[in-house]
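Please examine the structure shown below, with attention to the ligand and its surroundings.

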Amino acid sequence: MRKEQPLLFERGARGRRGFSLPQSDVPAKSELLPARMQRKIPLRLPEISEGELVRHYTALSKRNHGVDSGFYPLGSCTMKYNPKVNEEVARLSGFALLHPGQPSESVQGALELLYRTETYLAEITGMDRITFQPAAGAHGELTGMMLIHAYHASRNDQRKTVLIPDSAHGTNPASAVMAGYEIREVPSDERGLVDLKALRGVLDHSVAALMLTNPNTLGLFEEDILEIAAAVHDVGGLLYYDGANLNAIMGHARPGDMGFDVVHLNLHKTFATPHGGGGPGSGPVGVKECLVPFLPVPLVEREASGSYYWKDDLPESIGKVHGFHGNFGVIVKAYTYMVMMGAPGLRQASSDAVLNANYLMERLKKRYALPYDRRCMHEFVISAVQQKKKGVSAGDVAKALLDYGFHPPTVYFPLIVEEALMVEPTETESKKTLDRFAEAMEEIARLAETEPERVTAAPHATPVGRLDEVRAARNPVVCWDGNEKNS
Ligand SMILES: *Cc1c(COP(=O)(O)O)cnc(C)c1O
């Protein structure tokens, strides 16, 4: 590891200050705080000037890679550029300073925004009602599974199995298991699509639902979706749509029309809210009419007079899955994004996302194996199996990309592709960026042939090199302790 700029604690000196606070009017030794809870030794804090502090955080921010600093083709994550106007609107005091407990007469604007966002998302997905409570995609999946469970229970129908394709995102089986279901895996066929025959073979009256994303995680459109839906419905099962890949079809096709009964969306993917750094997400869940009675409470309703109110009386509701009304700020950003884009803009975004992915796929398949060579949707999965013969794995290719200033694609997922590299360029990238990325990938492929050790030792230009990921996970050191070895 190279020598780095000193961190905050090594900077500064005794007595330096970057702030000035008014005189405290709280008695120094407060009677309110028992003596045993009072600090005996002053807390050790860095003493640092404002300028040093600004440089510290600016330096830290430069060590990171984000959508605002470069290309981020992390497959399945839809790391598109997030317009700053979304942030400005979410920060408006009329939104940001609301308290979720305020009476509805005083938050009519916020309720109207939720109502309108629900209308838009229902239109985009082909669903009847939407709950905004789930805080992420996986949380939406769990909510959807609970809704499906409540639906079958209300019909006195005991069903224990959820079917999930082998290409599915790992959160799908986890969510279904958390909701009390057993998982049965459905294999993919040689096209990379759900094997319809195998699916028919496992469909019976114990099946509560099939969870599916379309396009699937290979970036391929499930062409048999209407037959799949009919087959599942025929045995009384429901269809769950993992909407993480909605960016491929927005404005072109609707899960509701494909036969899906429940949908979650990732507002922090498709609807332009930053994610990946741990910020709040939002995974609204849309349902068809038959599942509306079970939705989390409350829902926003509009009176004939035009005023909005919270509807709490859903006797069969599964209850609440989040405090108050979900991550409201993220919903404001999604609303802003949809209004700014308009319906034609959203449709165009999906068209461009698909075009960008196909352009890159056609270039990269000359140097990397493409296990499912079909027209892709918004993303595609190539494989480093050829490079692996020279000792260069998908993980090595990913590390090498860091030296070119790109965030790597998703690696080793989906599980059905060996040495998988899952590339999702999104619609917000120019052809020039796509070309630069393709050139980097081509050069890495060349190096894998000629100088594989350069690739396997990468990255060479990042603040830290290869980390011991197992040790970092098993023994995380999250506080600065002055021990150089741990930094
Ligand atoms: C991201 C993703 C999820 C989970 O969404 P989170 O918001 O990360 O919980 C589920 N399925 C697919 C296909 C995804 O890409």
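The following paragraphs treat the ligand site and then a sheet.

This is a predicted model, in which local features need pLDDT of at least 70 and side-chain atom pairs count only at pLDDT 80 or more, while totals for chains, interfaces and linings use all residues. Residues are numbered from 1 along each chain as its sequence is written, and side-chain values use heavy atoms, with hydrogens and water left out.

The shell around the ligand (residues with a heavy atom within 4 Å of it) includes Ser76, Glu141, His169, Thr171, Asp242 and Asn266. It divides into 3 nonpolar, 6 polar and 3 charged residues, where Ala, Val, Leu, Ile, Met, Phe, Trp, Tyr, Cys and Pro count as nonpolar, Asp, Glu, Lys and Arg as charged, and the others, Gly among them, as polar. Helix α5, residues 137–154, gives the most to this shell, with 3 residues; helices are DSSP runs of H or I with at least four residues, and strands are runs of E with at least two, numbered from the N terminus.

Ligand oxygen atoms lie 2.7 Å from a backbone N or O atom of Gly137, 2.6 Å from a side-chain N or O atom of His268 and 2.8 Å from one of Lys269. The protein covers 87% of the 380 Å² of accessible area (Shrake-Rupley method, 1.4 Å probe) that the ligand has on its own.

Elsewhere, an open sheet of 3 strands follows the order β10-β12-β11 with antiparallel pairing, two strands being paired if DSSP finds at least two bridges between them. Strands β10 (380–383) and β11 (410–411) form the edges, each pairing on one side only. Between β10 and β12 (residues 420–423), the antiparallel pairing runs over 4 bridges, and Ile382 has Leu421 of β12 as its bridge partner.

Technical notes
A polar contact is a pair of N or O atoms within 3.5 Å; within protein, one must be able to donate a hydrogen and the other to accept it, and residues adjacent in sequence count only if both atoms are side-chain atoms.
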